Amino acid sequence: MNMELSRRQFLAGSGAGLAGTTIAALGFGDVESAHAVSIRPFKLAQTKEARSTCPYCAVSCGMVIFSAQSKSAPGKMEIVHIEGDADHPVNRGTLCPKGSAALDYIRSETRVKYPMYRKPGANKFERVSWDFAMERIAKLMKDDRDQNFIEKNNDGTTVNRWTTMAFLSGSSCTNETGWLTWKVARGLGLLQLENQARI
Amino acid sequence: MTNSWTDIKNADVVWIMGGNAAEAHPCGFKWVTEAKAERGAKLMVVDPRFTRSAAVADHYSPIRPGTDIAFLSGVVNYLLSNDKIHKEYVRNYTNAAYIVKEGYAFNEGLFSGYNEANRSYDRSSWEYEIGPDGFAVRDLTLENPRSVYQLMKQHFSVYTPETVERITGSPKDKFLKVADWVASTATGDRAMTIMYALGWTQHSHGAQNIRTAAMIQLLCGNIGVPGGGINALRGHSNVQGITDIGTLTASLPGYLAMPTDSEPTLESHLGKRTFKPLQANQTSYWQNYRKFYVSFLKGMYGEKATKENEFGYNWLPKLDVAYDCLRMFETMYQGKTNGLICQGFNPLMSIAHTKKSIAGLSKLKFLVSIDPIETDTARFWENHGEYNDVDPAKIQTEVFMLPCASFAEEEGSLTNSSRCVSWKWAAAEPYHESWRDADFLADLFLRIRKLYEKDGGKGIEPLMAVDWSYKDPLHPHAEEVLKELNGKALVDLKDGEGKVTRAAGQQLASFAEMRDDGSTDGVQWIYTGVFGPNGNLAQRRDNSDPSGMNVYGSWGFAWPANRRILYNRASADPDGKPWSEAKKYVFWDGAKWTGADIPDYVPTLPPSRGAGPFIMNPEGVSRLFARGMMAEGPFPVHYEPFEAPVANPLFPKIKGNPVARVFKGDMEVFGTAKEFPIVATTYRLVEHFHYWTKGVHANAVIQPEFFVEISEELAREKGITRGGWVRVWSNRGAVKGKAVVTKRLKPLKIDGKTVHTVGMPLNYGFIGEAKKASPINTLTPPVGDANSQTPEFKAFLVDIEPISGPVA
Ligand code: SF4
């Protein structure tokens, strides 16, 4: 049996799914299937597998991310393991020291856990609700936009710009986030819009 | 990349310069190893440091930081003066045969049209002679003294191997070996790939570094062929995609342009961009600009965009000036910016001249950071001793630090540096209280709109005009958004005979279907096809390679039109026959173009029509002579970095790049070689990604702290011991760290003088799990490339001294 080929065909068009089903689809006979299951029963039987991409450099290595029911937060999935995607034509299963440690990034102590707010002149952050943060940001932005939005320049040309507000757009975000960022920023009239392409 | 990661396997020579793929792009570097192991490819590395890429190279040459153009121009001169070029390729596929009009000149390091007062050029003399038929004049014998070919020979003749050595410090024999290996690929049956990254871009003449490399590739016939190309390895995982989308001050999605004040109407914007062919029968694909622009506007404003209101053109903000990130921080520094949102961005670490950045951030009324991990920027107001010595009480900025889902907690598409758009699936719900970026943007936008609906205010019309008709407006779904990027038919599209070719509401299969009358939408024309009538092709995961040439055409979707190698028609000769069996890729089979890839050409246009392979250019050929496209001139020139250890050996009166922008007050922050005799450069470590993984435990453990890499010679000269503490300072500030004394750096002889280089990793700061350090950009100068404004991080001046370390 050409295991490589059948695995590839099965995976074509299927990025996420229960890993357990992968085994059945590989076309093993019963004996082989039982044998295969016995080799890696835990990861394959109890985890969900999602195809993802390394967040770091632009090789954009394919990753397989395994998640399982969280023990600390019942009902939630928790990421338990990451490995290189062997089917990905560029990285073929490999990950470098950065990508191999990506699990530590997901569960990093330095992750921002809640919205945090720092008052003018304060020397610490305080925890706030999302609603407080978003309402306050929207208000600050509207006030500034009302003060500084320019509808027409000195020649009377319609220019619809707001030059006192800036947005730095992240280059690790998805294309879809990128487009929503563009739309929101330009919709508000921003010209100060940049990403990491220059730096 | 013009080519792709996997295509590197087809190379016969691999040249890494201005990058260090073995450490910065390890899993992509694997394809270099494959090319070496499987086809005996030769790897050469030119770098100031003997990097890990150099360690596995077949040939290594050192170079002084910031002198790449002199080195590369030396190679151009070698190819031209020894006639080691791919003549037929050069004659037919470049503008070598084009005649440059009278008035163009180059004297004393400057081109015709220089205006010293405003540090810029009138570029009108950098043009072709136009014949009575309206087309550019050519001399296919290449003998006319004003042909690009002859002008080039003359222009580059000063870059002899001796001059190259004098400027760059690369020993003549090492330089000549590089030139010789390059020349070995100018044959049509061998190919060389050039791989570069920020080591070429982060200079005040970065764009010209890359252009010079591209010229070498054109002279050798290495563009459009398997194993060739000019390949930017790039930084962030989706920096290609985000650049394609165009979240850059002057950009629209798909490399269209933002309107400016001098373009009050849609027609005035489009009229400047007609891209009429400069030669008979050329494709000049940008002629379709207006179709892409109108389809974009239809996507942005939906039904509100009508013919009567110029499809909403005037709702777009118009540019008064380009606010690249250096100008952004300058504007902030001047107190003219009140709010800043950082989305997965840590500018305090990544912008030049940290002191100025801190002062700028402190003038903001509010700062919003949305990031999965804590950034130094979000805590810029916090005192971290010598690493961030600020007084919080004096900083009045309101700061919001918002938790964002990590890469693994959301789905969507990414575009790697091979231009391949592929999908990722979410592995879990967002951790903690984090939100997805999309949800943050939707919430913010709709909240602001609601405030305007309730209270009124300025600029309501353009704000309300934006189409936001997502199924769940607060949570736009990634597939919905990708469809929007792709575009669809808004009415039944018909061909000339009235037959419906695309029914209303259907997704478009190709940007060739886009129209300029408002009957199609699609905000990102180059991606059209990714989510066409056959569904989401970014999700394709078929890794078959039918041609056996490492072309994975059914994996994801490479823009444009799923092409894996750009300009691939150039892999065949003018008659459409492959240049060689070894490099057979896309060719004419008598009825159509066919081969291992989607032709980057009209598929049924016969070779006899004579349309060139560079279909985006109105000439149909590539440009050895850049016309007016580059700020500093149509040919590259060696200019020193703004901080250089010697005066420009060729043009001693010229300091730095004569057209690079320097803000008022910034000229004074440059240091001189007298005070700061040592060249400094920055680099990345294999264990860290930018300023990000210092907040990740495993990475912080394996590479815990900042250091300064110096040569044994410099250590001896300064009395610095291995592992001893040093202070490094420039005219802008100082950093401290342990000295790593290596053989990887060597002093070089430059114009008769011994010059030392120190190297420093940039990955450290004052927030995270790694040991605290002062930001590396405390040292770097606030000047950028004249075309892209990429800061000059790779070559500046410092001094160094041993100090006693901190008391433990
Ligand atoms: S695993 Fe390493 S090489 Fe691959 S994308 Fe991540 S950082 Fe780049």
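Let's start at B:Tyr255, which is found in the loop between strand E10 and strand E11 (256–257) of chain B. Please keep in mind that everything I show today comes from a predicted model. B:Tyr255 has a positive phi of about 65 degrees although it is not a glycine. For background, most residues other than glycine have a negative phi. At 38% relative accessibility, B:Tyr255 counts as partly exposed, because buried would mean under 20% and exposed over 50%.

Now turn to B:Leu142, in the loop between strand E7 (120–121) and helix H6 (148–156) of chain B. B:Leu142 is not a glycine, and its phi is positive too, near 65 degrees. Is B:Leu142 buried or exposed? Its relative accessibility is 2%, so B:Leu142 counts as buried.

One more backbone feature in chain B. Look at the loop between strand E21 (557–558) and strand E22 (586–588), where you will find B:Pro560. The peptide bond leading into B:Pro560 from B:Trp559 is cis, with omega near -10 degrees. Most peptide bonds are trans.

Let me zoom out to chain B as a whole. Chain B has 21 helices and 31 strands. Its C-alpha atoms fill a box of roughly 85 × 70 × 55 Å along the principal axes. How does the radius of gyration of chain B fit with a compact globule? For 808 residues, a compact globule would have a radius near 28 Å, and chain B has 27 Å, so the two agree. Of those 808 residues, 66% are buried. If you take the contacts in chain B with a separation of 6 or more, 71% are between residues 24 or more positions apart. The exposed surface of chain B is about 26700 Å², with 52% of it supplied by carbon and sulfur atoms.

Here is chain A. Its secondary structure comes to 8 helices and 9 strands. Buried residues make up 57% of its 199 residues. Among contacts in chain A between residues at least 6 apart in sequence, 37% join residues at least 24 apart. Chain A exposes about 7900 Å², and carbon and sulfur supply 54% of that.

Within chain A, I'd like you to look at helix H7, residues 130–148. With 19 residues at 1.5 Å a residue, this helix should span 27 Å, and its end C-alpha atoms are indeed 27 Å apart, so expectation and model agree. The buried residues of H7 in chain A include A:Trp130, A:Met134, A:Ile137 and A:Leu140, but also A:Lys142, A:Asp144 and A:Arg145.

Next, two residues that touch both chains. A:Asn160 sits in strand E8 (residues 158–168) of chain A. It has 5% relative accessibility, so it counts as buried. Leaving out residues up to four places away in sequence, A:Asn160 touches A:Phe149, A:Ile150, A:Glu151 and A:Gly189, and from chain B it touches B:Asn314, B:Trp315, B:Leu316, B:Pro317 and B:Pro462.

From the chain B side, take B:Thr247, in the loop between helix H11 (239–245) and strand E10 (251–252). B:Thr247 is buried, with a relative accessible area of 0%. Which residues does B:Thr247 touch, not counting residues up to four places away in sequence? They are B:Ile242 and, in chain A, A:Ser169, A:Gly178, A:Thr181, A:Trp182, A:Leu193, A:Glu194 and A:Asn195.

Back inside chain B, helix H16 (residues 354–362) has buried residues including B:Thr354, B:Ile358 and B:Leu361. The buried residues of H16 pack against helix H14 (325–333), strand E12 (339–343) and helix H15 (347–350) of chain B. B:Gly360 belongs to this helix, and is buried with a relative accessible area of 0%. B:Gly360 touches B:Met332 and B:Tyr333, again not counting residues up to four places away in sequence. B:Gly360 and B:Met332 are 28 residues apart in sequence, yet their C-alpha atoms are 4.8 Å apart.

I've kept the ligand for last. Where does the ligand lie? It lies between chains A and B. Around it are A:Cys54, A:Tyr56, A:Cys57, A:Ser60, A:Cys61, A:Leu95, A:Cys96, A:Lys98 and A:Gly99, along with B:Pro26 and B:Cys27. That shell divides into 8 nonpolar, 2 polar and 1 charged. Helix H5 (97–100) of chain A and helix H2 (26–39) of chain B each supply at least two residues of the shell.

Technical notes. Residues are numbered from 1 along each chain as its sequence is written. Chains are lettered from A and ligands numbered from 1 in the order in which they are written. This is a predicted model: local features need pLDDT of at least 70, side-chain atom pairs count only at pLDDT 80 or more; totals for chains, interfaces and linings use all residues. Side-chain values use heavy atoms; hydrogens and water are left out. A residue is near a molecule or strand if one of its heavy atoms lies within 4 Å of it. Helices (H or I, at least four residues) and strands (E, at least two) are DSSP runs, numbered from the N terminus. Ala, Val, Leu, Ile, Met, Phe, Trp, Tyr, Cys and Pro count as nonpolar, Asp, Glu, Lys and Arg as charged, and the others, Gly among them, as polar. The radius of gyration is taken over C-alpha atoms; the globule rule is 2.2 Å times the number of residues to the power 0.38. Buried means under 20% relative accessible area, exposed over 50%, partly exposed in between (1.4 Å probe, protein chains only). Contact means heavy atoms within 4.5 Å. Accessible areas come from the Shrake-Rupley method with a 1.4 Å probe; for residues, only the protein chains shown count as cover. The expected span of a helix is 1.5 Å times one less than its number of residues.
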